[in-house]
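Good morning, colleagues. Please take a moment to look over the sequence and the model before I begin.

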Amino acid sequence: MAARVSETWVLVCLGALLARWVAAGLEAVVIGEVHEDITLHCGNISGQRGLVTWYRNDSKPVFLLSSNASLPPAAPRFSLENASSLHIEALSLQDEGNYTCWEVLNKTRWFRVWLQVASGPDQVEVNISTTGMLPNGTLYVAKGSQVDFTCSSSSRPPPMVEWWFQAPGSRAEPFGNNLTVSNFTLLLMSQNLQGNYTCVATNSLSRRHRKVTTELLVYSPPPSALQCWAEIPPGSFLLQLTCLWDGGYPDPNFLWTEEPGGVMVGTSNLGVEMLNRSQLSDGRKFKCVGRHIVGPESGASCVVQIKSPSILSEPIKTCLVGGNVTLSCQVTGAYPHAKILWLRNLTQPDTIIQPNSRHLISVTGQSSTLTIRNCSQDLDEGYYVCRAENPVGVREVDIWLNVKEPLNIVGIVGTIVSLLLLGLAIISGLMLYYSPAFCWKLGNTFRGQDMGDVMVLVESEEEMEVEEDAAEEEQEVEEEASEREELPKEIPKHGHIHRVTALVNGNVDWMGNGLQALQDDSSEQQSDVIQEEDRPV
């Protein structure tokens, strides 16, 4: 009974002493972590130690352990080290609190220890809103979206949280910090915010930290329209279908189908499919559907229709020997564009004409021209073939080139002029011979123009024999005219009768009267001649 009274008195005295120490703040602070062991020292004294007793200070002191072997420990986790220190195994959060060491050696001493128990950080979690997840677990968001970031962990006391950001190819940089939890929002995600986000949670007591890194991708749908076309790769006769949806990240996926019917041709993220001739026919349609991970769910589509070529050309061309000629060929309706070739179809069938010094080939779009220089009838005359071909079909057209000798223009003109002059001379002669009245009308016309010229028209039964006879005849006529002073009269010469009519000053009326008088006088002269012949000599 005396022992219990003595122990109770000791506890009461210890409680009063601890109250004073708490008020004075005289205590040591020790930090431990959950599930770990900790040792609390009884003062900072070396040398011989006295009887040591440890108490836990809650609402009232609780006995834990004593160096007196007759007093067992309050729990097996508690043990005495170095005859004075309290060793606690497998700390728990319930072990946190104030501890008091009471030592009796010559005198009584008390030492107070404040034990703080830290836990964590454990279970660090990063939450990023408005995201999708790839099959490998990587998160992604759409460009321009609003994204919320949150980092939390299980820790006592609450952890200090820091955010670090590392863009691809750069160093990590602190993004922001908060002493309890880290919550922040990015209003408009952009491509330069793509990278690794790291949350670091640190226990403020133990300084233990944990971090979690999350990769965040920023995707953007293609801003342009989907395009598709068909073409022929260089050096190949296969048909290449190409689908392009440019500007997005990552690349979209493409699906080619045959329409109608939706028979799948192929799928890839390149949008390129190769088809051989057996899969092609004139007018067949192919459809490309492009889908992006953050684009419209239905995607975008376009259709191409392949067609065989048609050819327009002139069927016949002409070239002069030594000259130049150009043969033209226009391809229409071909898709994809046709390849245009020029061939000879006479001496060298199906031989492709290659450009050289005499053959110039020009191709502009779906038009082609073949220029032949210095035309030769032996080498160049004949059929030429314009061939247009694409994987859908082949078309050909024949063009006949006619090579001619150049025309002598000067000779032709001279011949025509000569013929005209000869015809004019013949017509004039016939008119003079068969229509002397025309000459009278022509003379009257000249008179009307006040012309005082004298024109003599001679009509004979035969051509004048020589120029000398004509001169003599003219002289005789002048002599007889001067003697007789009358007009006109008949002049016998070489057994022929010549009628001479003179137009004086264009007096046609007088000429007509003179002609009648001449005929009467001729009859009288013939009568006189007969009478003279009957007269005796």
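I shall speak about the disulfides and then about one surface patch.

This is a predicted model, in which local features need pLDDT of at least 70, side-chain atom pairs count only at pLDDT 80 or more, and totals for chains, interfaces and linings use all residues. Residues are numbered from 1 along each chain as its sequence is written, and side-chain values use heavy atoms, with hydrogens and water left out.

A disulfide is here a pair of cysteine sulfur atoms within 2.5 Å, and the count comes to six. One of them joins cysteine 42 to cysteine 101, with the sulfur atoms 1.6 Å apart. Cysteine 42 lies in the loop between β2 (38–40) and β3 (51–57) and cysteine 101 in strand β7 (residues 97–105), so the pair ties together parts that are 59 residues apart in sequence. Strands (E, at least two residues) and helices (H or I, at least four) are DSSP runs, numbered from the N terminus. This link is left-handed, with -80° about the S-S bond of cysteine 42 and cysteine 101.

Cysteine 329 and cysteine 386 are also bonded, at 1.9 Å between sulfurs. Are these cysteines, 329 and 386, buried or exposed? Cysteine 329 is buried at a relative accessible area of 2%, and cysteine 386 is buried at 0%. Buried means under 20% relative accessible area, exposed over 50%, and partly exposed in between (1.4 Å probe, protein chains only).

Let me turn to the surface. Isoleucine 416 lies in helix α3 (residues 409–434) and is partly exposed, with a relative accessible area of 45%.

Thank you for your attention.
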